[in-house]
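Hi,

Here is the structure I promised to pass on. Have a look at it first, then read on for what turned up.

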There are 2 protein chains.
Amino acid sequence: MGATTTEESLGTQIEEALRQRFAERRAAAAPYGREFVGLWEAAEAHALGGKLIRPRLLMELVQALAPEPLSTEETRCAVDVAAHVELLHFSFLLHDDVIDGDLIRRRGPNLIGALAARRPGEPVEPALHWARSSAILLGDLLLSSAVLGFARADIGPEARERLLALLEQTIFETVAGEHADVALSDGIIAPDLRTILSTSADKTSTYSFVLPLRAAAVLAGSSPATEERLTSIGRHLGLAYQLQDDLLSVFGDPDEHGKDAFSDLREGKETAIIAYARMTSQWEAIDLHFGRADLSTTEGAETRDRLRDCGAESFVRGLVQEHLDTVSAMLVDAESDGSLPAAAGQTIRALACRVESRVR
Amino acid sequence: MGATTTEESLGTQIEEALRQRFAERRAAAAPYGREFVGLWEAAEAHALGGKLIRPRLLMELVQALAPEPLSTEETRCAVDVAAHVELLHFSFLLHDDVIDGDLIRRRGPNLIGALAARRPGEPVEPALHWARSSAILLGDLLLSSAVLGFARADIGPEARERLLALLEQTIFETVAGEHADVALSDGIIAPDLRTILSTSADKTSTYSFVLPLRAAAVLAGSSPATEERLTSIGRHLGLAYQLQDDLLSVFGDPDEHGKDAFSDLREGKETAIIAYARMTSQWEAIDLHFGRADLSTTEGAETRDRLRDCGAESFVRGLVQEHLDTVSAMLVDAESDGSLPAAAGQTIRALACRVESRVR
C-alpha cells in the first residue's frame, strides 16, 4: 500500500480536502455578508474533527479492491469523492437535528446549539429560529455540494453514471428511512420490530456503509457483481452497527458512547430493544418511564434493568451477532467465487471486528 | 419555430416531463411504505398546476438563441433541464415555507398545510411536526434531483460543466439570499434599503431569472459574453419583478395577486416599500400596525394609505421603472454588438412587458 497511503495519511488527506472546500466556500461567502461567512465558519468547525469513518472506509476499500496501487490522480479522485461522502453525512445530520429539535451532539452543542448560543442577550425563540433556519440552509448547500462533487468526479462517463445512480439511490433511501423514522416518533406508523429494523437500515446503513463500499467498487473499476455483494454486506454491517449503538445508549458506559446516559429512553426513541420489550409482560412498567424527558438516573437504571430482565438486551445482542455472522459467511462466499479480493475481505473483517468490539 | 414548439405545446412538454419524473419517484417509493408514497403524491399535486414561468422562459430563450431550429434531441434535453429548474424552484419553496412557518400559498393550503390537514383527529403540534419534517425531506429529494438532472444533461462535457458551475453559483447565491432574509426577519441585520434590495436579488432573481436565461445560453451554445449579458439583464428583471410583487401585495387587488390582502404587512415583511417608509415622518404611525398578525382590513387600508402618502409607493414604482429601463438599454446594446440575436431580445422584451403590466 506504500507509505503515502497509511491510515494516518489517509485521514490527513481527507481532512485536507474538506478544509480546502470549506475555505473556498468561506471566501465565496464574503460578498454576502458577515452572517453568511459566520455560517461557513461554524460549518467547518462542526464538520471537521470527526472520526471520518465513512470516507476512511471508502479509501481503505478502494485501495484493497484496486488491481494495482492507485496512481496519484486516482488517489486524488478517490479522496475527493470520499470527502463528498462526509459532506453528505454532515448535511443529513444537520436536517436530522432540525427535525428532532436536538441542540447537542457528542455532549457538546451541535451547530444549531452553537449558533443559538452566539445570541446570548436575545429571547430564546428567535435565536433558535435563526439557528434552525441556518441549519436547514447549510444542509441544502452541503447536500448539493455532495451531488456536484460526485458529478464532477474525474473518471470516465460510465463510471460517473454508476456513481450518480448510486448516490441517487442512496439519498432516496436515506430520506425514505428518515421519513419513516419521523413517522415512528410522531406515532404515525406502528413501532413493530420489522419496521424499526428496515427504517434503521434505510436511514443509516445505506449511506454510512453501503455507499462507501459501493463507491469504492466503482472507483476501483470492480464488476457489478462485486458491487452487489458489497451492497448486502454493507446493509448487514450497518444494521449490526446501529443495533450496537442502541445497546450502548441503554446498557453502555456514557463515557464510552459520548451521549448522555439514557438519552434514547428519555427521547422515547423507537429501537429494536423497545420493540422487543413491548411484546413482553415487563412493558407496562417500562412504559411508565419511556419517553419521559424528566427521567432521573435512578429511573433510567431501573428501566435499563427491566429491559435486561425482559430479554430485550440479549435478543438484540443476538441480532448483532446474526448480522455479523452473515457478513462473515458472505465474505467467505465472495472470496471463494472471486468477487472480492482477499485484501478487501480483510478490510471488511477489520471493520466487522470494530463493530463487534463495541459490545464489551 | 414550427408547430411543435408553440407556447402551449412547450407548457405541455414541460408538464409531461415533470409528471413522468414524479411517476417514477412514486413507483420507487412503494417499497418504503404508504406514507412515503403519500408524500410523493402530495408533491406531484403541489408541484404541478403552476404557471411554469421559469422553465417556459428557459425554453423560449433557448429557441430564440439557437442559430438553427432545435432538433428533437436538443428539445428533449432542454425540456429536461427546464423541468429540473422547476424542481429546484419547488424545493426552495418547500424549505422557505418551513422556515417562515407558512401553511398557505396562493390562498390554498401549501404542501405542509395539506399534509397536516390529513391528520384531523390529532393534536396540532405532532401533525405540524410531521408535515414540516416531510417538507424538509421532500425538499432535500427535489434539490438533489435537480442537481442530478443538470449533471445528466445530454450535452458535451464542456457545456455540462458550464451548466453545473451555473447551478452551483445559483444555489449558493439563493441560499445566501434566503439566509439574509431570515436574518432580516429575525432582526439580526438592519433592514436598510440596500440590504433589502440585494437580499431580494440574491434570493429570487438569481434562480428565477438569471438561471433560466443563462441555462438557455449554455444549451443554445451561446458565447460566455452572451451569458454575461443575460446575467445582468436577469438580475434587473428579477428585481423589477420582486418589487412589483411587493407593490401588488400592499396596493394591488387581492383577487389579482392571489395572496391575502395585506399579508406582507401582517407578517412584517421587510420590503423596499417598508425600508423607504422607515426613513419618513409617517413611520411612527405605520409601525403601530406593521407586523401585527391581527391587523384588521380597516387598519390595513389605513397603513396602505400612509405608505402611499409618505412617498414609498411612488419611490418603489420608480425603482421598478428604472430596472426595466436598464433592461431596455442593455437589450439595445446587446443587439447592436451582436451578443444577442433579435429573437432573444424580443422574448426578453415580452417578459419585461409582462412584469411592467402587473402594476396596473
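Let's start where the two chains meet. The contact takes 41 residues from chain B and 41 residues from chain A. On the side of chain B that touches chain A, the elements giving two or more residues are α1 (7–29), α2 (34–47), α4 (72–100), α6 (124–151) and α7 (157–185) of chain B. Of these, α6(B) gives the most, with 14 residues. If you sort that side of chain B by class, you get 26 nonpolar, eight polar and seven charged residues.

Before going further, keep in mind that this is a predicted model. The average pLDDT of chain A is 93, and 97% of its residues score at least 70. For the model, ipTM is 0.95 and pTM is 0.95.

Now for how the copies are arranged. Chain B can be superposed on chain A by a rotation of 180 degrees, with 0.0 Å of shift along the axis and an RMSD of 0.0 Å. The two copies are therefore related as by a two-fold rotation axis. Both copies also use the same surface, as 100% of the contact residues of chain B recur in chain A.

Next, zoom in on one helix, α2(B). This helix has 14 residues and reaches 20 Å from its first C-alpha to its last, close to the 20 Å expected at 1.5 Å a residue. Which residues in α2(B) are buried? They are B:Phe36, B:Leu39, B:Trp40, B:Ala43, B:His46 and B:Ala47. These residues sit on the same side of α2(B), because they cover an arc of only 135 degrees around the axis. Turn to the face of α2(B) directed away from its buried side, and you find the exposed residues B:Arg34, B:Glu41 and B:Ala45. Just after the helix α2(B) comes B:Gly49, which takes a positive phi of about 90 degrees.

One last spot to look at is B:Arg105, which lies in strand β1 (residues 104–105) of chain B. Why does B:Arg105 count as partly exposed? It has 18 C-beta neighbours inside 10 Å, and a residue needs 20 or more to be buried but 12 or fewer to be exposed. You can also find B:Arg105 relative to B:Leu93: the two are 12 residues apart in sequence and 9.7 Å apart in space, C-alpha to C-alpha.

Try finding α2(B) in the viewer and colouring its buried residues, starting with B:Trp40, which is one of them.

Cheers

Methods. Residues are numbered from 1 along each chain as its sequence is written. Chains are lettered from A and ligands numbered from 1 in the order in which they are written. This is a predicted model: local features need pLDDT of at least 70, side-chain atom pairs count only at pLDDT 80 or more; totals for chains, interfaces and linings use all residues. pLDDT is the predictor's confidence in each residue, from 0 to 100. Copies are superposed by least squares on the C-alpha atoms of residues with pLDDT of at least 70 in both. Two residues are in contact if their C-beta atoms, placed from the backbone, lie within 7 Å. Helices (H or I, at least four residues) and strands (E, at least two) are DSSP runs, numbered from the N terminus. Ala, Val, Leu, Ile, Met, Phe, Trp, Tyr, Cys and Pro count as nonpolar, Asp, Glu, Lys and Arg as charged, and the others, Gly among them, as polar. The expected span of a helix is 1.5 Å times one less than its number of residues. The arc is that of the directions from the helix axis to the C-beta atoms.
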